[in-house]
Amino acid sequence: MSNFDDTGSILGSADERVASQQERFEKIRTLVCPDSSVASLKLAKEVAALILERQANGQTFVLGLATGSTPVPFYRELIRLHQNENLSFKNVVTFNLDEYYGLKRDHPESYFRFMHDQLFDHVDIPTEQIHIPDGTIPMESVYDYCLSYEKQIEEAGGLDLQILGIGRTGHIGFNEPGSAMESTTRMITLDRVTRQDAAADFMGVANVPRSAITMGVGTILKAKNLVLMAWGSNKADIVKEASEGEITDRVSASFLQTHHSAVFLIDSAASSRLTRFRHPWLVGAVNWDASMKKRAVTWLSSQLNKPILKLVDEDYNEKGTGELLASTSEAAYEVNIDCFNRVQHTITGWPGGKPNADDSYRPERANPFPKRVLVLSPEPMDAFIGMGGTLNRLKEQGHEISLLFQTSGNLRVADVAALNFARVTLEMAEAIAESGWEDQKRYAQSIINALDEKGEFGVDNQLVRRLKGLILRGEVRDAASVCGLEPGAVRFLDLPFYEEGRYRRFQRTESDVEIMQAVLEDLKPDMIFVTGNSGDPSSNQAIAFNCFAEAWSNFSDESWSSNCRVWSYRGRDGGFETHEIEMAVPMSPDQLEQKAEAIRKFMSTSDDDLSTPTRNREIAALYDALGMAEYEAIEAFCRWKG
Ligand code: GLP
């Protein structure tokens, strides 16, 4: 099976590949690796070998490049190979997939700037061998320009290898839904989802350009080798569609199914929706342990739209789960009851454990009580989105809560919030007209000037970022108070990696881990809530999680940590699947409204992810369909065991 190991190579012809039974749903060779850094290192090593091979023959290597956070670890490794192992890029010619239209080349979000920051400025590639579509050319010249880009690729001998990421719309490059298989380099209008996904980079969706120049699907398919990388659970659905679905212009990555040597290089989170992992019984023999049974039965129930307790033997046979019954020699009735109970036991109104109650079948232990509960929120909104209702329950049930915001989130605050604050301060100062207000006046004016000078696509200076962070802090306190938390329960860590970075380019530092370590040492919690463990590794959430995980690993010998349970919640990075849920905390309509109210306190953020109540209602509906009690909404959690 094409699983990731050290012996096989990533690049190579799919013609040689014999897909195993397990992979028969996948129409593109798919390598699943434990994590993105291992995969990126291996790919970089193979690319380096190809570059060297060409060098030895006095030939060039034509490399197609992509932007976005996905290829960043691959670029970092290429840089390392150049700096530490003398890999030269003198014989490399590059062509980038795309560029936003209308951005100046020195704009921090232009792909021109991105590629120079992430790769070109750190290796010895000659400038004239770098090609990135020019997003600044006048509209009337775009058509001819695109033709000439195609021609340049041809004249270079065609792409030897094209690196790809994938957008949530299934786009490769910027080939949004509707792009034809034969399309060539051209101007394209960006999809609403794509612009939304780029909103954080541009500090607000309004700042995201509306169009781009991109290589076409046809241009990409002409490359001799194609590697599409995808990391994190956010990409799991689209990876499945592209690899297992029909070839359609609704998902431009699905056209890669027609390419003789396209390969998907993905991490386990991005692979989780592939049939071989999601429904392994459909592709081969499985070990029917308790968790596999739960997975299959909940799936069967939702497939047939029948509550668990109503499933009969024929249902199991019809949907390919007959082997489950055969292997255990149990009747459907027994399997149903067992699975029903397992799901039932995940439901609890006592997320911190119920004191003085038998906890053998409860998700959390009764003791100690009350618990010291640490809730980590990578960005201010995350904890409220993922567990606003549970926060309230924990508080009401008498636990000692520390709600810690790992990063300030100041990049998400809209300019207008800072501007309003500065204008009010200025007006106050002018109205009072006392000399004591001179400093405030100067401060407010400098904020207004900075925002003014920044222009449409500019970057905030530290003063503005600080103000934005403070505005968000105020909103956090309001939101926390809606959830019943006092100001003393809330702390802001302002981890340095965020303060010094931009979205998609954050890099964890030693001090981030040290700060997390000090927090754990100080609190010695009985229970911890985290998020980001299955996110895109370069996302703010995943980096914040990894800072925690690394700090946590230093306490493995301590008794408090072995008695502490870590629960993960999901905020922005998609929900859990029903079978994954290990704790389901129900919410009444009033509690759900209270949570929505907490989220509404975030008035300054340019984030429009306010669909949380809908997500919580969906989980409740799923539980209801399995035959559990009908709740208004549910917040879901899963144990993280390190
Ligand atoms: C943009 C780029 C794509 C990239 C996609 C995914 O839309 N034009 O080439 O694949 O983003 O970005 P990320 O890797 O950050 O998830």
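Student: Why is Glu154 called exposed?

Tutor: Exposed needs over 50% relative accessible area. Glu154 has 55%, so Glu154 is exposed. Keep in mind that this is a predicted model.

Student: Where is Glu154 found?

Tutor: In helix H4, residues 142–155. The C-alpha atoms of Glu154 and Gly284 are separated by 44 Å. Along the chain, these two are 130 residues apart.

Student: What makes Asp526 buried?

Tutor: Buried means under 20% relative accessible area. Asp526 has 13%, so Asp526 counts as buried. Asp526 is in the loop between helix H19 (510–523) and strand E14 (527–530).

Student: What does the side chain of Asp526 reach?

Tutor: The backbone nitrogen of Arg372, at 2.7 Å. The limit for a polar contact is 3.5 Å.

Student: Lys524 is found in the loop between H19 and E14. Why is Lys524 called partly exposed?

Tutor: Buried is under 20%, exposed is over 50%, and partly exposed is in between. Lys524 has 29%, so Lys524 counts as partly exposed. Phi of Lys524 is near 40 degrees, a positive value in a residue other than glycine.

Student: Which sign does phi have in Asn86, positive or negative?

Tutor: Positive, about 60 degrees, although Asn86 is not a glycine. Asn86 sits in the loop between helix H2 (72–85) and strand E3 (92–96).

Student: Why does Asn86 count as exposed?

Tutor: The cut-off for exposed is over 50%. Asn86 has 67% relative accessibility, so Asn86 counts as exposed.

Student: How do you know that the span of helix H13 agrees with what is expected?

Tutor: H13 covers residues 332–344, which is 13 residues. At 1.5 Å a residue, they should span 18 Å. The end C-alpha atoms are 18 Å apart, so the two values agree.

Student: Which residues of H13 are buried?

Tutor: Ala332, Val335, Asn336, Cys339, Phe340 and Val343. Seen down the axis of H13, they fall within an arc of 130 degrees, so they line one face of the helix.

Student: Why do residues three or four places apart point the same way in an α-helix?

Tutor: Because an α-helix has 3.6 residues a turn.

Student: How does the reach of helix H23 compare with the expected value?

Tutor: H23 has 15 residues, 612–626. From first C-alpha to last, H23 reaches 22 Å, close to the 21 Å expected.

Student: What makes the buried residues of H23 line one face?

Tutor: The buried residues are Thr612, Pro613, Asn616, Ile619, Ala620, Tyr623 and Leu626. Down the axis of H23, they fall within an arc of 145 degrees, so they line one face of the helix.

Student: Which peptide bond leading to Pro368 is cis?

Tutor: The bond from Asn367 to Pro368, with omega near -5 degrees. The bond from Phe369 to Pro370 is also cis, with omega near -10 degrees. Pro368 lies in the loop between H13 and strand E11 (372–377). Pro370 is found in the loop between H13 and E11.

Student: What makes the pair between the ligand and His171 a polar contact?

Tutor: The cut-off is 3.5 Å between N or O atoms. An oxygen atom of the ligand is 2.8 Å from an N or O atom in the His171 side chain. That meets the cut-off, so the pair is a polar contact.

Student: How much of the ligand does the protein cover?

Tutor: The protein covers 93% of the 390 Å² of accessible area that the ligand has on its own.

Key:
Residues are numbered from 1 along each chain as its sequence is written. This is a predicted model: local features need pLDDT of at least 70, side-chain atom pairs count only at pLDDT 80 or more; totals for chains, interfaces and linings use all residues. Side-chain values use heavy atoms; hydrogens and water are left out. A polar contact is a pair of N or O atoms within 3.5 Å; within protein, one must be able to donate a hydrogen and the other to accept it, and residues adjacent in sequence count only if both atoms are side-chain atoms. Accessible areas come from the Shrake-Rupley method with a 1.4 Å probe; for residues, only the protein chains shown count as cover. Helices (H or I, at least four residues) and strands (E, at least two) are DSSP runs, numbered from the N terminus. The expected span of a helix is 1.5 Å times one less than its number of residues. Buried means under 20% relative accessible area, exposed over 50%, partly exposed in between (1.4 Å probe, protein chains only). The arc is that of the directions from the helix axis to the C-beta atoms.
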